[in-house]
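User: I'm new to reading protein models and I'd like to know where the labels come from. Could you walk me through this one?

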Amino acid sequence: MTDNVTIAVDAMGGDNAPEVVLEGVAAALAADEGLIVILCGPADVVEPFAAQHARCRAQVAAEVIDMAEHPAQAVRKKKDSSIVVGCRLVKDGQAQGFFSAGSTGACLAAATLVMGRIKGISRPCLATVVPSPARPIVLCDVGANADCKPEYLVQFAQMGSVYAQKILGYESPKAALLNIGEEDTKGNALAQEAHQLMAKRLTNFAGNCEGRDVLGAQYEVVVTDGFTGNVCLKTIEGASKVLFGAIKDAMMSTTKGKIGALCVKDGLKGLKSQVSPDTYGGAPLLGVKGACIVGHGSSGAVAIENGVLTTARVVRQGVSEIIQHMAQAGNGSDTIK
């Protein structure tokens, strides 16, 4: 990659910051020769790192927003926090994207309030790539909007389709509405009204899908409200963790199991890697001015590296610009091209 892209990174984001963030940023810089990083955080963290790494500039931010703080209040109060400073760099044009594994709520609040919402987009949505064993899909919203209007879900589908096209490489992604049945009369009032609007406005609408279809990857984009999407995502994450733990316990419980484990060790490692969220590094906030990726709080160095690289890719693929063009062309009257 040779196109230079500048990404602001929150050095203090995540449970294991700043150590894993610095390690991940170093790996991302080594992997992408066109990547420039502005590292935001305390002087004693960011300045020594920037001095030792080419294409990295230190941006001192004296405050840190903790995970337990009220997101919107913290963003308004701590204007010199690493999250707010990083988003301000994007707003001012010094960076083209922002990555953090810090407080999701604070990142959403800062990106919306500081970077700004794209005109014509009713609500930015938090999407995530679900790393299914079949193939990855985009699930949105997963927590930014607990209460939604039907028209919001139409735009979520459009923005998620852009991400599926440009980042996952699906030429013609199909978007489905998460529901309790496949029939168009199923679901609550929100689901039924959203189904009618999506069928009318989206040329890539594939109808309703059920929870069992998410990991089955029957569709490239699955759309729902943020409350339902977050519950769905956390259920998948929890089930995956429990399943892998149960398999490990079963194999380690007997001598025959241990021998069998040696035979399937490589295959299980490959499967675990395939379904790991670390591969994509974080969840994009779609609908704001600039690229914004929010990593998991427990992110390790690999997830940080991939999150920064994905943020750069979102910039290079012009995801925000495509969404902005869609909004200006008629506020989501058709499928995004």
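User: How many residue pairs are in polar contact between domain 1 and domain 2?

Analyst: Keep in mind that this is a predicted model. The count between domain 1 and domain 2 is 2 residue pairs in polar contact, both at pLDDT 80 or more. On the domain 1 side, helix H5 (104-115), helix H11 (301-316) and helix H12 (319-328) each supply at least two of the residues that touch domain 2. H12 has the largest share, with 4 residues. Sorted by type, the touching residues of domain 1 come out as 8 nonpolar, 8 polar and 1 charged.

User: What makes up domain 1 and domain 2 along the chain?

Analyst: Domain 1 is 1-121 + 287-332, while domain 2 is 125-277. Their C-alpha centres lie 25 Å apart.

User: How do you know which residues of the two domains are in contact?

Analyst: The test is heavy atoms within 4.5 Å. With that test, 17 residues of domain 1 are in contact with 12 residues of domain 2. Together the domains bury about 1300 Å², and 68% of that is on carbon and sulfur atoms. As for salt bridges across this interface, the rule finds 0.

User: Why is the pair lysine 78 and glutamate 69 called a salt bridge?

Analyst: The cut-off is 4 Å between a side-chain nitrogen of Lys or Arg and a carboxyl oxygen of Asp or Glu. For lysine 78 and glutamate 69 the N to O distance is 2.8 Å, so the pair passes the 4 Å test. By this rule the count comes to 5 salt bridges.

User: Is lysine 78 buried or exposed?

Analyst: Buried means under 20% relative accessible area. Lysine 78 has 16%, so it counts as buried. Its partner glutamate 69 has 23%, so that one counts as partly exposed.

User: What makes glutamate 220 and lysine 174 a salt bridge?

Analyst: Same kind of check: their closest N and O atoms are 3.5 Å apart, and the limit is 4 Å, so the pair gets the label. Glutamate 220 sits in the loop between helix H8 (212-216) and strand S9 (221-223), and lysine 174 in the loop between helix H6 (150-166) and strand S7 (175-178), so the pair ties together parts that are 46 residues apart in sequence. Glutamate 220 is buried at 6% relative accessibility, whereas lysine 174 is partly exposed at 36%. Arg135 joins Lys174 and Glu220 in a network of salt bridges.

User: Why is arginine 212 called exposed?

Analyst: Exposed means over 50%. Arginine 212 has a relative accessible area of 62%, so it's exposed. Arginine 212 and glutamate 210 meet in a salt bridge at 3.1 Å, N to O. Glutamate 210 is at 17%, so it counts as buried.

User: How do you know that asparagine 145 is buried?

Analyst: Set its 8% relative accessibility against the cut-off: it falls in the buried class, because that class is under 20%. Asparagine 145 is in the loop between strand S6 (137-140) and H6. Leaving out residues up to four places away in sequence, asparagine 145 touches Arg123, Pro124, Cys125, Phe156, Asp225, Gly226 and Phe227.

User: What makes asparagine 145 and proline 124 a polar contact?

Analyst: The side chain of asparagine 145 reaches the backbone oxygen of proline 124 at 2.8 Å. A polar contact needs N or O atoms within 3.5 Å, with one able to donate a hydrogen and the other to accept it, so 2.8 Å is inside the cut-off.

Terms used
Residues numbered from 1 in each chain as written. Predicted model: local features only at pLDDT ≥ 70, side-chain atom pairs only at ≥ 80, totals over all residues. Heavy atoms only, no water. Buried < 20%, exposed > 50% of the residue type's maximum accessible area, 1.4 Å probe, protein only. Domains from an automatic or database assignment. Buried area = accessible area lost by both parts, 1.4 Å probe. Nonpolar A, V, L, I, M, F, W, Y, C, P; charged D, E, K, R; others polar.
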